[in-house]
Amino acid sequence: NIEVFKNASPSVVNITNSRLIRSYYSLNPQEVPQGSGTGFVWSEDGYIVTNYHVVQQATRVTVTLRDGSSYDARAVGFDPDKDLAVLKIDAPDVKLVPVIPGDSSLLEVGRKVIAIGNPFGLDTTMTVGVVSALRREIDSRSRRKIRDVIQTDAAISPGNSGGPLLNVYGHLIGINVATNQRADGLGFAIPADKV
């Protein structure tokens, strides 16, 4: 667990978003924070993967790397039906540590999994569990049905959304989703093969 965390956590990023809202009093637009979530570095050329609902309706998205440096991100792709978004940042490639892709089609119930994310604004938190079920269907925060989802008992809370679910080798096998469905011991992830 310690080795997986040390190797994978530099790939995990914090994502914050804000939205322009017209002031009631002055009618001038103001940038208002909307929320935060997690993402991960997909490649050294600055592609970041997260959940669609983490950046939905955002006017401005900021990605903060593990070393504390922050970059404005632009959206380059969305798949709302799978709750996935791809962002692009212009950061030096030496600062970007891509996640190692795994094969989510090889998953079986009972396999150990590790989730890394930023729940409740607490950065780079790790939880451990097992695959509890496969091919679940859930309602996303954007009120869309997401099919073929991984169920795990690794704790996945608000703020974990968009973070990586890893196997015991530290390879990406899922993208964590914090849903509106509240239940202890119940977490969900979109299979990595969907990315």
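Here is a short walk through this structure, from the overall chain down to a single residue.

What you have in front of you is a predicted model, so let us begin with confidence. Across the protein chain the pLDDT averages 88, and 88% of the residues score at least 70. Confidence is highest in strand β3 (residues 47–50), with a mean of 98, and lowest in strand β2 (residues 29–41), with a mean of 76. Where pLDDT is low, predicted coordinates should not be read in detail.

Now for the overall picture. The protein chain is built from two helices and 13 strands. It has 195 residues, and 47% of them count as buried. Its accessible surface comes to about 9,900 Å², with carbon and sulfur atoms accounting for 48% of that area. If you take the contacts between residues at least 6 apart in sequence, 59% of them join residues at least 24 apart.

Let us follow some of the strands. β8 (112–117) pairs with strand β9 (residues 125–139) in the antiparallel sense, over six bridges. Here Gly117 stands opposite Thr125 in β9. β9 in turn pairs with β10, again in the antiparallel sense, over five bridges. In this pairing, Asp139 is the residue opposite Lys145 in β10.

Next, step inside. The largest nonpolar core holds 19 residues, and those touching the most other members are Phe40, Ile116, Ile138, Leu166, Leu172 and Ile190. Five elements give two or more residues to this core: α1 (2–8), β8 (112–117), β10 (145–152), β12 (171–177) and β13 (187–191). The most comes from β12, which gives three residues. Apart from this core lies another, of 16 residues, with Val41, Val54, Val61 and Val63 among them.

Strand β12 is also a good place to end the walk, since Asn176 is found there. Is Asn176 buried or exposed? Its relative accessible area is 0%, so Asn176 counts as buried. What lies around this residue? Leaving aside neighbours within four places in sequence, Asn176 is in contact with a run of residues that includes Asn160, Ser161, Gly162, Gly163, Pro164 and Leu165. Other contacts of Asn176 include Asn51, Ala115, Ile116, Ile156, Phe188 and Ala189. Ile116, as you may recall, is one of the residues that touch the most other members of the largest core. As for Pro164, its backbone oxygen lies 3.1 Å from a polar atom of the Asn176 side chain.

Terms used
Residues are numbered from 1 along each chain as its sequence is written. This is a predicted model: local features need pLDDT of at least 70, side-chain atom pairs count only at pLDDT 80 or more; totals for chains, interfaces and linings use all residues. Side-chain values use heavy atoms; hydrogens and water are left out. Helices (H or I, at least four residues) and strands (E, at least two) are DSSP runs, numbered from the N terminus. Buried means under 20% relative accessible area, exposed over 50%, partly exposed in between (1.4 Å probe, protein chains only). Contact means heavy atoms within 4.5 Å. Accessible areas come from the Shrake-Rupley method with a 1.4 Å probe; for residues, only the protein chains shown count as cover. A nonpolar core is a set of buried Ala, Val, Leu, Ile, Met, Phe, Trp, Tyr and Cys residues joined through side-chain atoms within 4.5 Å. A polar contact is a pair of N or O atoms within 3.5 Å; within protein, one must be able to donate a hydrogen and the other to accept it, and residues adjacent in sequence count only if both atoms are side-chain atoms. pLDDT is the predictor's confidence in each residue, from 0 to 100. Two strands pair if DSSP finds at least two bridges between them.
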